[in-house]
Amino acid sequence: MQAEATASTAEIGAVETPVARPRLVPTLSIVVPTYNEKGNIRPLVAAVASALEGRLWEMIIVDDDSPDGTWREALAVARDGFPVRCIRRVGRRGLSSAVVEGAMSASAEIVGVMDADMQHDEKLLAPMLDLVLGKDPAQGQVDLVIASRHLDGGGLGDWDQSRRKMSSFATSLSKLVIGGAVSDPMSGFFMTRRSVFDAAVPELSQQGYKILLDLLSSSPQPLKIIEVPYVFRDRLSGESKLDVMILAEYAFLLIDKLSHGFVPPRFVLFSIVGGLGLIVHLLVLQLLQATGAPFLQSQAIATIVAMTLNFILNNVVTYRSQMLRGKDAVFGYFIFVTACSLGALANLSVANLAIQNVESWAFAGAAGAIMSAVFNFSVSTAFVW
Ligand code: GDD
Ligand code: MN
């Protein structure tokens with residue numbers, strides 16, 4: 001009998017059905033993006049564990065191969081028995097993309113996102129979870145709960161004047177993309193159903209820091225949103241990763257969302273850098289002319305200065321995530337210069353063609369400039385970065 005059953009199973013190539021193993025499925029997956037947060041991991045896990053006492057939760061730490069070994073600390077905490085998992089991403093950087101990756105690996109149906117540095121008040125996690133679980137009959141079905149610094153009872157903590165201004169400027173710009181329904185679309189602290197992430201993920205830009213704004217503008221369905229106030233606390237240990245480049249990434253996100261993905265944000269930045277290069281070119285030229293240098297010599301020097309500056313700016317801003325260093329940068333520089341020279345030729349030939357057909361120097365000039373911008377951008381993207 002036994003032998004017969006085995007034989008027929010083998011015949012149809014089926015595998016034995018494994019016995020289901022009981023497992024505690026978490027209600028909430030908390031995604032924590034980290035970069036150099038080693039000193040914050042244990043205090044954070046301890047604080048979350050006590051704030052979520054009696055609930056089933058897991059924490060997914062998504063670490064971009066931090067030089068301080070944050071991922072090692074996260075694994076150590078997991079091995080101590082805390083419900084922590086760690087995704088160590090190698091050769092990648094970015095808060096938003098880290099959050100998306102964490103959310104995509106969540107086992108729970110509800111996903112919370114918070115920072116590792118204790119600036120987000122973990123005591124809000126339980127009430128936020130209850131709202132998404134629909135435990136507040138007055139609210140009914142809630143899709144997204146945002147912890148907001150801009151509601152009564154919330155606050156920015158000890159931010160200085162300039163950071164407050166920058167944040168409020170960024171918040172006003174976000175209205176272009178999502179309107180004004182949410183008081184803190186820049187919050188890094190929120191909770192939603194995993195299905196909200198799943199529905200939006202194909203459209204997510206994943207650029208830079210503003211994952212919530214990205215999610216709000218990419219969701220195919222209107223979401224029922226509730227905001228709860230909190231006060232932004234001081235960072236426990238380590239330092240903020242926010243720098244001026246984050247502004248460029250924010251510009252990326254806005255361009256991408258406003259153009260509905262039709263204009264590559266990189267191309268816009270590349271063109272802005274090109275425009276700056278032109279201004280620098282003219283300034284250098286004017287300066288050299290003022291010293292009485294011969295025109296062609298001045299023009300050659302101005303061209304080299306402008307191209308070099310453009311290369312550097314594109315390297316650190318436009319193609320930040322693929323920044324070239326050392327030997328690669330020198331090699332890339334020469335290809336870039338060659339590409340730009342070919343681009344100038346393309347510019348001249350298109351402008352020449354245009355002026356023969358349409359008698360407008362402005363049109364011909366613009367056609368030439370667009371041609372060389374597109375040409376330089378394509379070659380740079382393909383061969384330099
Ligand atoms: N994986 C990964 N990759 N994590 C990152 C990266 C990265 O490139 N950059 C930053 N992080 C992590 C940090 O380690 C931290 O846990 C969290 O993202 C927030 O980074 P901070 O550098 O502490 O940002 P902040 O305090 O200036 O601003 C935060 O709070 C604001 C208010 O909620 C961010 O969350 C902002 O988006 C938010 O507006
Ligand atoms: Mn922080």
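How much of the accessible surface of the protein chain belongs to carbon and sulfur atoms? The answer is 62%, out of a surface of about 20400 Å². Keep in mind that this is a predicted model.

Let's start with the whole chain. The protein chain has 13 helices and seven strands. Of its 385 residues, 42% count as buried.

Now the overall dimensions. The radius of gyration is 27 Å. A compact globule of 385 residues would come in near 21 Å. The C-alpha atoms fill a box of roughly 90 × 65 × 40 Å along the principal axes.

Next, contacts along the chain. Take those with a separation of 6 or more. Of these, 77% join residues 24 or more positions apart.

And charge. There are 31 positive side chains and 36 negative ones. The centres of the two sets lie 3 Å apart.

Now let's zoom in on one residue, Asn315. Where does Asn315 sit? Look at helix α11, which covers residues 295-318. Is Asn315 buried or exposed? Its relative accessible area is 7%, and the cut-off for buried is under 20%, so Asn315 is buried.

What does the side chain of Asn315 reach? One partner is the backbone nitrogen of Leu324, at 2.8 Å. The side chain of Asn315 also makes a polar contact with the side chain of Trp385, at 2.7 Å.

Leave out residues up to four places away in sequence, and Asn315 touches Arg320, Met323, Leu324 and Trp385. So find Asn315 in helix α11 on your screen, then trace across to Leu324 and Trp385.

How values were computed:
Residues numbered from 1 in each chain as written. Chains lettered and ligands numbered in written order. Predicted model: local features only at pLDDT ≥ 70, side-chain atom pairs only at ≥ 80, totals over all residues. Heavy atoms only, no water. Helix = DSSP H or I, 4+ residues; strand = E, 2+ residues; numbered from the N terminus. Rg over C-alpha atoms; globule rule 2.2 N^0.38 Å. Buried < 20%, exposed > 50% of the residue type's maximum accessible area, 1.4 Å probe, protein only. Contact = heavy atoms within 4.5 Å. Areas by Shrake-Rupley, 256 points an atom, 1.4 Å probe, with all protein chains shown as cover. Lys, Arg positive; Asp, Glu negative; His and termini not counted. Charge placed at Lys NZ, Arg CZ, Asp CG, Glu CD. Polar contact = N/O pair within 3.5 Å; in protein donor to acceptor, adjacent residues only side chain to side chain.
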